[in-house]
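Please open the model in your viewer and follow the stops below. Each one says what to select and what is found there.

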Amino acid sequence: MAESDVEMREEGKAKVEIREVSKAELGRHDPPADADDSWQESWGFAWHDPARKAGGINHISIWRNRGVADVWNWCALDGKIVGKYQNLKLPHPESDFPNWSLGGQTVTTESGRRCRLELEFEKASADLHYEAFTEPLAFSLDTHGSTWGSSHYESIGRVKGTVTADDGPVKIDGFAWQDHSWGPRRWADVLSHRWIMASFGPDFFVTALQVVRESTAGGVPIGFIYDHGTLHRVERGSFGSRIADDGHSPLGCDAHLWVDAGHGYHITGNVHTASPSSHNEGFWFTDGLAVFECGGRLGAGIFEVQEMKSPAPWHKELRG
């Protein structure tokens, strides 16, 4: 086995734990005195009701040393994007975490397992209530050579509420994923990534992320699979991505994910609606609302892809 492969397997062994999140962790975090301007704090929410082909991505990052905040915010209903907003140079919200409002998003946090999200767009709105299946799962998003957030926790659960568009309010009942991260974040560290956020119910759910860095051609795994009360760490995998002719929209996946217990999971997914988001440093990606299947069970969530924008260092070596 090549040295780089050994390194990647070791990096896939970052500790993942389920634990209660304190009030201090729910709230605002300030950068240490020696932090550079890449230090940020973010809050994210992804949701999907496959019956109504409804869902979206809601995200804020507060760059405390840059004096700005940014928002990704979109909502789909019946397989169509009914609201979308993005802005990378907003002022900091007047109210900071855990309760905040910015870019058409208002979040009220009840605990590490419950929150309310109110969305306002030009021609649509949503009122969503979230409850997690378990206490949050805590782990780092950083690997050697890429920096996305040294402190991170997330949960997977159910979302209920309404989305209101042209035909009036529609009831929503689906799956959702919520996270909170803080620490340095340098988008350009990662050349490409794949991310499955899938839920099959309170006994079986998945967060599997694989990043490709400049230092090696292989993907570095991050994440977990929760299976009937047992938490497994993802050690390696392939995602079998299908990408649309536009060169960025995910159509689906045929993933094989292997965990620390030695066994693997075969997860397939099909995307019905997708929307791109972008950031500084040339970073951009596309999220797809996907229906997943594993072992005969159907679930739903998000399949996110980031394609390479230019030849990587190892491609240049091959060209001489």
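**Stop one: strand E2**

Select residues 39-49, strand E2, which is mostly covered: eleven of its eleven residues are buried (under 20% relative accessible area with a 1.4 Å probe, protein chains only). Strands here are DSSP runs of at least two residues, numbered from the N terminus. The model is predicted, so local features need pLDDT of at least 70 and side-chain atom pairs count only at pLDDT 80 or more, while totals for chains, interfaces and linings use all residues. Residues are numbered from 1 along each chain as its sequence is written, and side-chain values use heavy atoms, with hydrogens and water left out.

Now colour E2 by side. Trp39, Glu41, Trp43, Phe45, Trp47 and Asp49 are buried on one face, and Gln40, Ser42, Gly44, Ala46 and His48 are buried on the other.

**Stop two: the partners of E2**

Add residues 168-184, strand E12, which pairs with E2 in the antiparallel sense over ten bridges (pairing requires at least two DSSP bridges). Glutamine 40 is opposite glycine 183 of E12.

Next add residues 54-63, strand E3, also antiparallel to E2 and joined to it by nine bridges. Here histidine 48 faces glycine 55. Four residues lie between E2 and E3 in this hairpin, and lysine 53 in the turn has a positive phi of about 45 degrees.

**Stop three: glutamate 304**

Move to strand E21, residues 297-306, and select glutamate 304. Which side chain of opposite charge is nearest to glutamate 304? It is arginine 194, 9.2 Å away, and buried glutamate 304 has no salt bridge (a side-chain nitrogen of Lys or Arg within 4 Å of a carboxyl oxygen of Asp or Glu). The side chain of glutamate 304 does make a polar contact (N or O atoms within 3.5 Å, one able to donate a hydrogen and the other to accept it) with that of histidine 193, at 2.6 Å.

How values were computed
Buried < 20%, exposed > 50% of the residue type's maximum accessible area, 1.4 Å probe, protein only. Lys, Arg positive; Asp, Glu negative; His and termini not counted.
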